[in-house]
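Here is a short tour of one protein chain, moving from its interior to its surface. Have the sequence and the 3D view at hand as you read.

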Amino acid sequence: MAATVASVRACSFSGEFDSLAEGVITAALDEVRPQYTTLKSETGAATTTVDKLVSLHAAHLLHVGLKQEAGGGDEPGPVKSESLDRVGSRSYGSAAKLDGQGGIVDWQDSPYGRRHQAIWTKLPPGAAVVGP
């Protein structure tokens, strides 16, 4: 099984990509797929693992793109303080970047990038050289 439009849509538990046209998702897949062409042959990674990485990478691009096009900034961090006096207010910490090199740029900025990173860190050490 190769990474497909359906496999990218399946990355989202909430159906985030269900309304996107197949052509948009295909374009994201076409952008990331070449970066993984040697991962299986060079590291011996399972085909299903490579397909999952491709799907998550494409989902990451789509998520970040949708967020940026909607004018969203960094996601807020944990609640720092909360007040229920009269109107009520809440302040958030900054969304600090997680440490560590990932398989993809800005992997911290989406749930798909973080899931990609969780798989990426378990690949053989050669993946760090082959890298997407």
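## The nonpolar core

Let's begin inside this predicted model. The largest nonpolar core has 25 residues, and the members that touch the most others are Val8, Phe17, Ile25, Tyr36 and Leu39. Helices H1, H2, H4 and H5 each supply at least two residues of this core. The biggest contribution comes from H4, which gives seven residues.

Ile25 is a good place to pause. Setting aside its neighbours within four places in sequence, Ile25 is in contact with Val5, Val8, Arg9, Phe17, Leu20 and Leu62. Two of the partners in that list, Val8 and Phe17, also appear with Ile25 among the core residues that touch the most other members.

## Helix H2 and its two faces

Ile25 belongs to helix H2, which spans residues 22-32 and has Ala28, Leu29 and Val32 as further buried residues. These four sit on the same side of H2, because they cover an arc of only 100° around the axis. A general rule helps here: an α-helix has 3.6 residues a turn, so residues three or four places apart point the same way.

What lies over the buried residues of H2? Helix H1 (5-9) and helix H4 (47-69) are included in the cover. On the face turned away from the buried side, H2 carries the exposed residues Gly23 and Glu31.

## An aromatic pair

The structure holds one aromatic pair. Its partners are Phe17 and Tyr112, in a tilted arrangement with 5.3 Å centre to centre and 45° between the planes. Phe17 comes from the loop between H1 and H2 and Tyr112 from helix H5 (residues 111-120), so the pair ties together parts that are 95 residues apart in sequence.

Are these two residues buried or exposed? Phe17 counts as buried because its relative accessibility is 0%. Tyr112 is buried too, with a relative accessible area of 4%.

## A salt bridge

Let's finish with charged side chains. Side chains of opposite charge can pair when their charged atoms come close. How many salt bridges does a search of the whole structure find? It finds one. Arg33 forms a salt bridge with Asp30, and the closest N and O atoms are 3.5 Å apart.

Both partners are partly exposed: Arg33 has a relative accessible area of 32%, and Asp30 has one of 45%.

How values were computed: Residues numbered from 1 in each chain as written. Predicted model: local features only at pLDDT ≥ 70, side-chain atom pairs only at ≥ 80, totals over all residues. Heavy atoms only, no water. Buried < 20%, exposed > 50% of the residue type's maximum accessible area, 1.4 Å probe, protein only. Arc of directions from axis to C-beta. Contact = heavy atoms within 4.5 Å. Phe/Tyr/Trp six-rings, centres within 6.5 Å; stacked < 30°, edge-to-face > 60°. Core = buried A, V, L, I, M, F, W, Y, C linked by side-chain atoms within 4.5 Å. Salt bridge = Lys/Arg side-chain N within 4 Å of Asp/Glu carboxyl O.
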